[in-house]
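Here are a few short exercises to help you find your way around a new structure. Take each task in turn, try it yourself, and then follow the solution step by step.

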Amino acid sequence: MSSTFARRAAAALSLAALIAPAAHADDVTFQIKNGHPNAMRVELYSQDRDYVWPGDGKDFYLDDGETKQLPISCNEGEKICYGAWVDGDEETYWGVGPNNKETCEDCCYTCSGGQTEEIDLEE
């Protein structure tokens with residue numbers, strides 16, 4: 001009797017795995033330009049899961065006037081927002097700011113491959 005239950009449970013789990021939508025990995029490149037006269041730090045935050053790029057307590061560093069390509073791997077359809085701030089001054093920020101604490105308009109992108117337009121962060 002227990003082997004019948006085990007077979008049915010295994011079949012149910014297999015069926016659930018086939019029906020459940022799988023999150024497919026995708027790559028997107030954020031193109032960010034530092035148009036501020038000071039260096040800045042940038043992080044990218046998923047709005048759909050607890051994930052930050054580059055992660056591990058690190059951030060992307062952009063010198064004044066520098067444009068960087070920030071390639072990331074994300075889940076297809078995932079909403080990702082940038083947060084940037086002046087190096088040493090978290091009160092001067094763009095997007096969702098440091099630690100994803102602020103709200104923003106036009107600072108989020110959907111992970112669907114390709115590259116963002118150039119995001120020019122100015123004074």
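**Exercise 1. Decide whether Asp89 is buried, partly exposed or exposed in this predicted model.**

Step 1. Take the relative accessible area of Asp89, which is 28%.

Step 2. Compare it with the cut-offs: buried means under 20%, and exposed means over 50%.

Step 3. Asp89 counts as partly exposed because its 28% lies in between.

**Exercise 2. Find where Asp89 sits and what its side chain meets.**

Step 1. Locate the residue in the chain: Asp89 belongs to strand S7, which covers residues 89–95.

Step 2. Look for a side-chain partner. The side chains of Asp89 and Thr92 make a polar contact at 2.6 Å.

Step 3. Now check the backbone. A polar atom of the Asp89 side chain lies 3.1 Å from the backbone nitrogen of Glu91.

Step 4. Finally, look further along the sequence. Arg41 is 48 residues away from Asp89 in sequence, yet their C-alpha atoms are 9.9 Å apart in space.

**Exercise 3. Work out which strands pair with S6, and in what sense.**

Step 1. Start with S7: it runs antiparallel to S6, and 4 bridges join the two. Within this pairing, Trp85 stands opposite Tyr93.

Step 2. Examine the hairpin that S6 and S7 form. There are 2 residues between the strands, and Gly88 has a positive phi near 90 degrees.

Step 3. Go on to strand S2 (residues 40–46), which pairs with S6 in the antiparallel sense over 7 bridges. Here Leu44 of the chain faces Tyr82 in S6.

Step 4. Add strand S8 (residues 108–110), antiparallel to S6 and joined to it by 3 bridges. Tyr109 in S8 is the bridge partner of Ile80.

**Exercise 4. Which strand gives the most residues to the largest nonpolar core?**

Step 1. Size up the core: it has 26 residues, and Phe30, Ile32, Val42, Leu44 and Tyr82 have the most contacts inside it.

Step 2. List the elements that give two or more residues: strands S1 (25–35), S2, S4 (60–62), S5 (67–75), S6 and S9 (115–122).

Step 3. Pick out the leading contributor, which is S6 with 6 residues.

Step 4. Check how covered S6 (residues 79–86) is: 7 of its 8 residues are buried. In soluble globular proteins, nonpolar side chains tend to be buried together.

Step 5. Follow one core residue outward. Phe30 touches, among others, Leu44, Leu70, Ile72, Ile80, Tyr109 and Ile119.

Notes: Residues are numbered from 1 along each chain as its sequence is written. This is a predicted model: local features need pLDDT of at least 70, side-chain atom pairs count only at pLDDT 80 or more; totals for chains, interfaces and linings use all residues. Side-chain values use heavy atoms; hydrogens and water are left out. Buried means under 20% relative accessible area, exposed over 50%, partly exposed in between (1.4 Å probe, protein chains only). A polar contact is a pair of N or O atoms within 3.5 Å; within protein, one must be able to donate a hydrogen and the other to accept it, and residues adjacent in sequence count only if both atoms are side-chain atoms. Two strands pair if DSSP finds at least two bridges between them. A nonpolar core is a set of buried Ala, Val, Leu, Ile, Met, Phe, Trp, Tyr and Cys residues joined through side-chain atoms within 4.5 Å. Contact means heavy atoms within 4.5 Å. Lists of a residue's contacts leave out its neighbours within four places in sequence.
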